[in-house]
Protein chains: 2
Amino acid sequence: MVAKKRNLVVAQSGGPTPVINCSLRGVVETCRQMPDVFGTVFAGYHGIEGVLQEALLDLSAQSADEIALLSVTPSAGAIGSCRYKLREANTEDFERVIDVLKAHDVGYFLYNGGNDSMDTANKVAQLAQERGLDLVAVGVPKTIDNDVGDSAFQLIDHTPGYGSVARYWATMVAGANEENRGASPSDPVLVMQAMGRRIGYIPAAARLADPDREMPLLIVLAESGMGLAELADRINDMLRQRGRALVVVSEGLKLGDLGELADSFGHTQFSSSKTTVAQTVVNYLNEVGLQARGAARYNLSGTHQRHDMITASTVDQAEAYAVGRKAALMAAEGQSGYMATILRDEGPIYGVHYDSVPLEQVANSERVFPAEWITADGTDVSDAFVRYARPLIGEDWPSVPLVNGMPRFARLEQRFADRMLPGYVPQAYR
Amino acid sequence: MVAKKRNLVVAQSGGPTPVINCSLRGVVETCRQMPDVFGTVFAGYHGIEGVLQEALLDLSAQSADEIALLSVTPSAGAIGSCRYKLREANTEDFERVIDVLKAHDVGYFLYNGGNDSMDTANKVAQLAQERGLDLVAVGVPKTIDNDVGDSAFQLIDHTPGYGSVARYWATMVAGANEENRGASPSDPVLVMQAMGRRIGYIPAAARLADPDREMPLLIVLAESGMGLAELADRINDMLRQRGRALVVVSEGLKLGDLGELADSFGHTQFSSSKTTVAQTVVNYLNEVGLQARGAARYNLSGTHQRHDMITASTVDQAEAYAVGRKAALMAAEGQSGYMATILRDEGPIYGVHYDSVPLEQVANSERVFPAEWITADGTDVSDAFVRYARPLIGEDWPSVPLVNGMPRFARLEQRFADRMLPGYVPQAYR
């Protein structure tokens, strides 16, 4: 019996990573190698919103060159991502997804995202079955935070995207150390705020810049529970010892004594609604807390950490590609309701293998940063963390082609599938 | 007659650049090639503060490898910079500088900095002459802001350091465009704040990411004089046209209607003392001004733009080296009271030549951003700017060696000249 060839939709959800397009390339190139299984490969343009609105970008129509260039194109500009969540109560949205997939003869649905997205993919798979749509739904993991899956690293060792952001941080801190060395004593404190609201893998990666602990580097994860006054004490201790300090703070740090500060100063600048953690620390130091000549300053990389391609990890690029390829292979094998995953090989030489885990297990998991990887004083991470994370950043700069001095990113043609259905307004937008 | 060989002191002042060490390398390697002229090459460790405190790092004692690695080592960590200014009234400081130079048989003083530093170098040269010290003082230009010299580009075409920061901005905006494309409609506005308090060359460089004006990019220099409400209008116009907006703002932008805003909201979060321009814009948009779904967000690169080596310009690296070399050659020729300079060749093929201009002329000059390079609507720069700036960012990524995954920066041995004089506390610190 020859299986009928069906179309595929791949979509992305949530914050992007520098290597999210590597996974997309892995999906597309693998599908092209299996023309008997896969028909047209579509992207939900801007994720599930694109599916709801029947905006399906035709990836099969794109040239091999542009698909290959996805590997050096950071962030989610190629096919778009979204923050739109399919909520359980919004049953019309779910039905609409099924209608769109049916209308375009879609037999494969690949959803790239974090834990929430795996839950969504699972629900879509279940509903499809109920509605008589023979749909293979497969998850593709992605997040810079490394918060997908479980704390024991059994569902997934690390998430594509994390290695590149880790490398951004390690590289930036290496440069920041030169800045801070050169700038002291007039600017003795440089505070840098890292992404990762719920989990500290990103700020922890700053340690990779200095595994031998030669820099005056303090790393404060949200998990440390450190307050503002205590943090200022640690910074002043470092200034006394070394004359300068590099301070990496998590954006999720709860600076518990903010209220007191606002009271004692009588203004609201320190309210957390409008100011960032880094700014709060620096304002506090500069107004009352800095026991040294000069001033503290701060950097807020913001989105740069997830769209800087030249600091991406070549290991991460390769793994993100492989996980996309694995997901397409799982789809071809009809392995619905599973996520492609990366598991670390045993032994002293870093290596990984690709496997699959049930979407439901991922959706119901929560990863935390191992408490034993935070040092007792709360201002550093341990060598065990370094052993875990060091292989993920790789050894080399990625090769990013330049044309007219600028990175040559993939430019996909804006060719969309013909619309077969009436227009639809997603429920959350009504 | 054989001239007696004399020692040299090189010192840095003010904010660093990614290529400041290229000039240092140019000085040291040129001096090494002229052993009959130059004795020991010292660095004032942390600039003029190091000279005042007789902290003279021995650069002659460093290996050729480490000196060469200076070219890939960003910022001023190698020999340090300072914000300390020799003030006219602080005559003891000036006398101390002469005493230190005399004590170490220094015949050559190279000062790397901006306009102010050229003034300082000139004063040191004059005082040395009055005090009977035969001193050749030469200026080495440096600044990321491109604000050294004159507006007509006759004293200097551009300053070493600017091309690299321009390249940082062009590269970052290219990536940010991928982020913003992918993130809309949930995060349709990305505001990025550029350095350059007094002059807009840095934010202007964002245009190099998109000379054909395909991105929804607004560039607002401080010189535009644009207020907050008007800027919000322009951003909303862009959102209506394109659905998203990249906004590069100068840190020096005076958002004139802040006062009104604070009044109408009844709180002080928008006071300029504690918040940045980017934050003010984003807070305003998110609270009242954004005529679109989603939220505005902002990035604050901070010092990263001047210590990111991999986005440095290879053209800038080469020119910064050459200008250091030129300064050393000028010193050897006894050309005291001059600054080494870069002048652009005529004609369609980019090229420069190195020359010298009187320190006094540089010190008394002020460069402004040409008004005709700002477009009439105040949200872009012209093609004439692009023609000026494009050659400065070069064509290729610089080669930054990696060891253990991290950039291998120069590591100078901490070998200092023996102290010959009693201790000294700089006047401003008393």
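**Note on a predicted two-chain model**

1. In chain A, seven strands make an open sheet with mixed pairing, in the order β3-β2-β1-β4-β5-β10-β11. Strands (E, at least two residues) and helices (H or I, at least four) are DSSP runs, numbered from the N terminus, and two strands pair if DSSP finds at least two bridges between them. The edges of the sheet are β3 (56-58) and β11 (352-358) of chain A; each has a single partner strand, so one side of each is left without a neighbour in the sheet. On average, neighbouring strands are turned by 30° against each other, direction ignored.

2. The model is predicted: local features need pLDDT of at least 70 and side-chain atom pairs count only at pLDDT 80 or more, while totals for chains, interfaces and linings use all residues. Residues are numbered from 1 along each chain as its sequence is written, and chains are lettered from A and ligands numbered from 1 in the order in which they are written.

3. At one edge of the chain A sheet, strand β10 (residues 338-344) pairs with β11(A) in the antiparallel sense, over seven bridges. One of the bridge partners in β11(A) is A:Pro358, which is matched with A:Tyr338.

4. Helix α5 (residues 115-130) of chain A lies across β4 (106-113), β5 (136-141) and β10 of chain A, and runs at about 165° to β4(A). Axes here are lines fitted to C-alpha atoms, for helices over the stretch in contact, and angles run from 0 to 180 degrees between N-to-C directions.

5. In chain B, strands β1 (residues 6-12) and β2 (residues 38-44) run parallel and are joined by four bridges. B:Leu8 has B:Val41 of β2(B) as its bridge partner. Helix α1 (residues 20-32) of chain B packs on the sheet, touching β1, β2, β4 (106-113) and β5 (136-141) of chain B, with its direction at about 175° to that of β1(B).

6. The domain assignment, automatic or from a database, splits chain A into domain 1 (6-161 + 311-365 + 395-429) and domain 2 (165-307). Their contact takes 14 residues from domain 1 of chain A and 12 residues from domain 2 of chain A, where contact means C-beta atoms, placed from the backbone, within 7 Å. The C-alpha centres of the two domains lie 35 Å apart.

7. How do the two chains relate? A turn of 180° with a shift of 0.0 Å along the axis lays chain A on chain B with an RMSD of 0.0 Å, superposed by least squares on C-alpha atoms of residues with pLDDT of at least 70 in both. The copies are thus related as by a two-fold rotation axis. The same surface serves both, as 100% of the contact residues of chain A recur in chain B.

Technical notes:
Two residues are in contact if their C-beta atoms, placed from the backbone, lie within 7 Å.
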